[in-house]
Amino acid sequence: MTEWWKNAVVYQIYPKSFKDSNGDGIGDLDGITEKLDYLNDLGVNVIWINPIYCSPMADNGYDISDYYRVNPIFGCNEDMERLLAEAGKRNIKILLDLVVNHCSDEHPWFQKAVADPDCEEAGYFYFKTTSDGKAPNNWRSNFGGSVWSQLPDQRWYYHTFSSKQPDLNWENPKLREKIYDMINWWLDKGVAGFRIDAITFIKKDLTFASRETGDGHLYPIENLTDYPGIDAFLSELKEKTFSRYDCMTVAEAPGVGEKTFRSYAGKDGFFSMIFDFNWENMEGETDKSDTAAVDRWKDKIFQSQKFTYKNGWSGVFLENHDQSRCANKFLEEKCRNYSSITALAVLYFFLYGTPFIYQGQEIGMRNALWKNIDEMDDLRAKGMYYEAIERNDDPDKVLKYFEELGRDNARTPMQWNDNANAGFTEGTPWMKVNENYPAINVAEQEQNPSSILSFYKKVTRLRRDPKYRETFAEGSFSPLYENIPALIAYTRKRDVQTITVIVNFKNECQAIPSVNGKCILNNNDSLLTKENRLLLQPYQAIVFAD
Ligand code: GLC
Ligand code: CA
């Protein structure tokens, strides 16, 4: 029996920017409930909502001060129950974000630990004192600066991310039990599972010894993920929580390579799947429309697929809340149009894995234009910007990087229509709306049968179609015509069924050998053949089945 989550199409919601129902400028749970029919019509059957728990919002909810309560800016627990019930009526399941590597410095546990070094909660975190007044080691946090921050009483506490996000001490069995109770509490409420945040950071090198860097800079903490010994924590986590429910878990697991993939996302892995970050962008390519650049990207996709097919399952995506928009990441400006954006959709949707759509991707939303660092909200961007100034690097380089790849690009409000603020709010939006909303919005695309949105509806339906979905879920993956430049093509085969995906990822026509089967999806009105050749239009994408 194929597990249900292998046939899921997931839609990711960044709640702060999705839909504001009460005019305070901040998206909320009632806003999501209001849009369930839209999501149903789009053809998704699972939604993942970024953190909605009580939080001072230093990192937009990834700094949790109460795991059991909905943040009042998003509504209340009853709103959550209503959302679950309304989604259930439409056969849509809900995943919450599980953030248990760290909490907020405003969580009562941390506040108690600060007030009293000898209390039980002090054992839920990592504290150190040093005799020379310096930080305990040279490790660098993910958001820039040391992983250590100091309290007024001179103790240092450890944080993989910002100083507002103290890490939880998983070595402490009491803390672990508290986490498991909380997870089961939400699963009992009817959530269908979790997207699990930054989970490979929960095991630390307990020597906390400084590491050699050569250049005198701090040592990046991302090199110490998936640290030996983490397995014990993850198998206990699974045993005490997820394994007791028919739930879906998808982990953000940076640092997991081929060696440990199976234990995470193999058949009996800790999680249903992990995200495939191997081809998340084309960073480093100066011209993304260059055929060689496309082929390097294609190689990464294929390598990863061939490996995953043999070893487990992954979540496949083009965008998320930490990425820039796919139209920008993978396409030069001159090539950004209906064909190329729908080609991207075809390209990843039928890979071996569960496809995720990030809000706004289905209408082809783009990166915003940023005037300066003050316009940005992301504390990672700000942290790195000021760090560059401190070490006499050029901060404009950092700014350029974040303009192109920064997380704020995905966090501008969802563009619903061409009314004020793109119909996201009747108040003042918490973050600026992308100026292009009069041209790119849901209302316009909904009534246009040849819009990106209308095409996405076809893609989701095909991925879930009972005639084909077993092949997508279980079928083998093989590259096709791998040596043809800028052609990204593959087959998915199971028993007697073969599905072939053909994407001409270039802004020119090209002819390729013909393909068997009947056309079941095409982002172009034409399907041209000549003497056993298929004549592909620029960015034409076709799916065949036989
Ligand atoms: C993950 C999240 C990111 C967050 C970080 C810290 O990387 O995706 O948005 O800032 O963890 O929780
Ligand atoms: Ca609101």
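Which residue stands opposite Ser476 in S17? I started my notebook with that one, and the residue I found opposite Ser476 is Lys493. A reminder to myself before going on: this is a predicted model.

**Entry 1: the open sheet**

I looked up the strands on either side of that pair. S16 and strand S17, residues 487–494, pair in the antiparallel sense, and I noted five bridges between them. Next I followed the sheet outward. Five strands make up this open sheet, and I wrote the order down as S16-S17-S18-S23-S20, with antiparallel pairing. The edges belong to strand S16 (476–480) and strand S20 (518–522); each has a single partner strand, so one side of each is left without a neighbour in the sheet. I also checked the turn between neighbouring strands of this sheet: 20 degrees on average, with direction ignored.

**Entry 2: helices on the open sheet**

I then asked what lies across these strands. Helix H10, residues 338–349, lies across S17, strand S18 (497–504), S20 and strand S23 (541–545). I put its angle to S18 at about 145 degrees. Helix H14, residues 452–464, packs on the sheet too, where I found it touching S20 and S23. The direction of H14 makes about 130 degrees with that of S20.

**Entry 3: the barrel**

On to the other set of strands. Here I traced a closed barrel of eight strands, S1-S2-S5-S10-S12-S13-S14-S15, and the pairing is parallel. From one strand to the next, the twist averages 30 degrees. I picked one pair for a closer look: strand S10 (residues 193–196) and strand S12 (residues 248–251) are joined in the parallel sense over four bridges. Within that pair, I noted Thr249 in S12 as the bridge partner of Phe194. I also looked for a helix here and found helix H3 (residues 77–89) lying across strand S2 (46–49) and strand S5 (93–98), at about 140 degrees to S5.

**Entry 4: ligand 1**

Which residues come nearest to ligand 1? Of the 13 around it, I listed Asp59, Asp197, Glu252, His321 and Asp322. Sorting the shell by class gave me seven charged, three polar and three nonpolar residues.

I pulled out some polar distances as well. The side chain of Asp322 has an N or O atom 2.4 Å from an oxygen atom of ligand 1. For the side chain of Arg195, I read 2.9 Å from an N or O atom to a ligand oxygen. A polar side-chain atom of Arg407 lies 3.0 Å from an oxygen atom of ligand 1. Last, I looked up the cover: ligand 1 taken alone exposes 310 Å², and the protein buries 95% of that.

Technical notes. Residues numbered from 1 in each chain as written. Chains lettered and ligands numbered in written order. Predicted model: local features only at pLDDT ≥ 70, side-chain atom pairs only at ≥ 80, totals over all residues. Heavy atoms only, no water. Near = heavy atom within 4 Å. Polar contact = N/O pair within 3.5 Å; in protein donor to acceptor, adjacent residues only side chain to side chain. Areas by Shrake-Rupley, 256 points an atom, 1.4 Å probe, with all protein chains shown as cover. Nonpolar A, V, L, I, M, F, W, Y, C, P; charged D, E, K, R; others polar. Pairing = 2+ DSSP bridges. Helix = DSSP H or I, 4+ residues; strand = E, 2+ residues; numbered from the N terminus. Axes fitted to C-alpha atoms, helices over the stretch in contact; angles between N-to-C directions. Contact = heavy atoms within 4.5 Å.
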